[in-house]
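Biologist: Could you take me through the helix packing in this one, with a close look at a single part? Pick the helix you would start from and work outwards.

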Amino acid sequence: MTSGLLPFAINFNALTDLGFWTGVLTIAGIYAVVTLGLQMNVGFTGLTNFGQAGFMAVGGYSMAILVLSAGFSFWLALPCAMLITMAFGALVGLPALRLRSDYFAIVTLAMAEVVRLVAQNARGITGGNEGLFCNFENGGQTCFDDSWRSVSKSILDFIENFWSNPDSLVPLLLVVWITVAVGTFALSRIQGTPWGRVLRAVREDEDAARALGKNTLLYKVQSLAISALMGALGGFFLALFLATIHPHDYEPIVTFYAFGVLILGGLANYRGVFIGAILLWTVLEGTRFVELPISEEKTAALRYAIVGLVLILLMAFRPQGLFGKREEMVLGE
């Protein structure tokens, strides 16, 4: 069903399709996972981290390579890849966090691009521009072997007891949002500990925290490592969602999507992340079905313009975001 009374039409049938909303909520959940880590950096530690896409790439590729090349099982490769990504985050942070905040932001952005370009050119390991296919048709061996397929099938079998013919993405949707819920709870509790309060002190006045005997560099490295861990989880889920791991999936725009979620939800508020993620991806995906009398390229650009306008208005009238507090809007110098 479309509306023809205005110079544009809306495909309402597509917007009411259950498969559409399953996809939107799944990708929103993936970005919520990624943004939870970013919230710890930006909202609670005052670190402007523009490298979250790089951590997603390190996590996704590490897990796939461990399965395909090293013969690890999925369940062993997953925690190993998470540890590798955390170590990589700490390795990046040790020299970069000694820089001023704006220089640190540039370093993290450059780091993410270096990771992506290495993945693009290391064809023998990463598949280069062809990527690594994570479906179940690669001669019996995939990025996730048969483990995820077994888990997904078990979840679908259970759901079919009370819901006939569920979408194949529903198991991933459930796992992603369970991860969001657990991550939100865990990070919120951590933030209330003495360790979390030191992070706030670092954000508000690093010199004062250092004068009290706190090793502020160590705390910032730990914050970045946890953010890298959440980025790795997001990279795993994105690979499951797309059924591939490709360098183009980790371009800088991925990090800025996460920042869009962060701005919408509000700084220093983990619970606002899931609302911000749903709002951003509802707008981004929903505007695909607005049919305008212009070319597809211009329509695609207009979608981003709409999101940009929403963020500009939000920053003008509620700069702390939907659930943030003005007193929390303190970034490190």
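Modeller: Sure, and keep in mind that this is a predicted model. Let's start with helix α2, residues 18-45, where it meets α13: they pack at an angle of about 135 degrees, with axes 8 Å apart. An oblique pair is one whose angle falls outside the roughly parallel, antiparallel and perpendicular ranges, and α2 and α13 are therefore oblique to each other. Their crossing is right-handed. On the α2 side, the contact is made by F20, W21, V24, L25, I27, A28, Y31, A32, T35, L36 and Q39. Facing them from α13 are V273, F274, A277, I278, W281, T282, E285 and G286. Sorted by class, the contact of α2 with α13 has 14 nonpolar residues, four polar ones and one charged. If you're wondering about the spacing in such lists, an α-helix has 3.6 residues a turn, so residues three or four places apart point the same way.

Now stay on α13 and look at another partner. Helix α12 (residues 252-265) packs against helix α13 (residues 271-286) at an angle of about 120 degrees, and the two axes are 7 Å apart. That angle makes α12 oblique to α13. Here too the crossing is right-handed, with α12 passing α13. From α12, the contact uses Y257, G260, V261, L264 and G265. From α13 come G272, V273, G276, A277, L279, L280, W281 and L284. The class count for α12 with α13 is nine nonpolar, four polar and no charged residues. V273, A277 and W281 of α13 are worth clicking on: they are in the contact with α2 and also in the contact with α12.

Next, a single residue to zoom in on. Q52 sits in helix α3, which covers residues 52-68. Is Q52 buried or exposed? Its relative accessible area is 0%, and buried means under 20%, so Q52 counts as buried. Setting aside neighbours within four places in sequence, Q52 is in contact with V34, G37, L38, S227, G231 and T255. Of those, V34, G37 and L38 fall within the residue range of α2, S227 and G231 within that of α11, and T255 within that of α12. There's a long-range pairing to display as well: the C-alpha atoms of Q52 and G234 are separated by 9.6 Å, although the two are 182 residues apart along the chain.

That brings in α11 itself. Helix α11 runs over residues 216-242, 27 residues in total, and reaches 39 Å from its first C-alpha to its last, close to the 39 Å expected at 1.5 Å a residue. It's mostly covered, with 23 of those 27 residues buried. Just after α11, A243 takes a positive phi of about 60 degrees.

For another helix pair, try α4 (residues 74-96) and α5 (residues 101-121), which pack at about 140 degrees with axes 11 Å apart. α4 passes α5 in a right-handed crossing. Their contact is made by F88, V92 and A96 of α4 with F104, V107, M111 and V115 of α5. By class that contact has seven nonpolar residues, no polar ones and no charged ones.

Zooming out, the protein chain has 14 helices and four strands. Of its 333 residues, 50% count as buried. And among contacts between residues at least 6 apart in sequence, 73% join residues at least 24 apart.

Conventions
Residues numbered from 1 in each chain as written. Predicted model: local features only at pLDDT ≥ 70, side-chain atom pairs only at ≥ 80, totals over all residues. Heavy atoms only, no water. Axes fitted to C-alpha atoms, helices over the stretch in contact; angles between N-to-C directions. Helix = DSSP H or I, 4+ residues; strand = E, 2+ residues; numbered from the N terminus. Parallel < 35°, antiparallel > 145°, perpendicular 65-115°, else oblique. Left-handed = near helix turned anticlockwise from the far one by under 90°. Contact = heavy atoms within 4.5 Å. Nonpolar A, V, L, I, M, F, W, Y, C, P; charged D, E, K, R; others polar. Expected span 1.5 Å × (residues − 1). Buried < 20%, exposed > 50% of the residue type's maximum accessible area, 1.4 Å probe, protein only.
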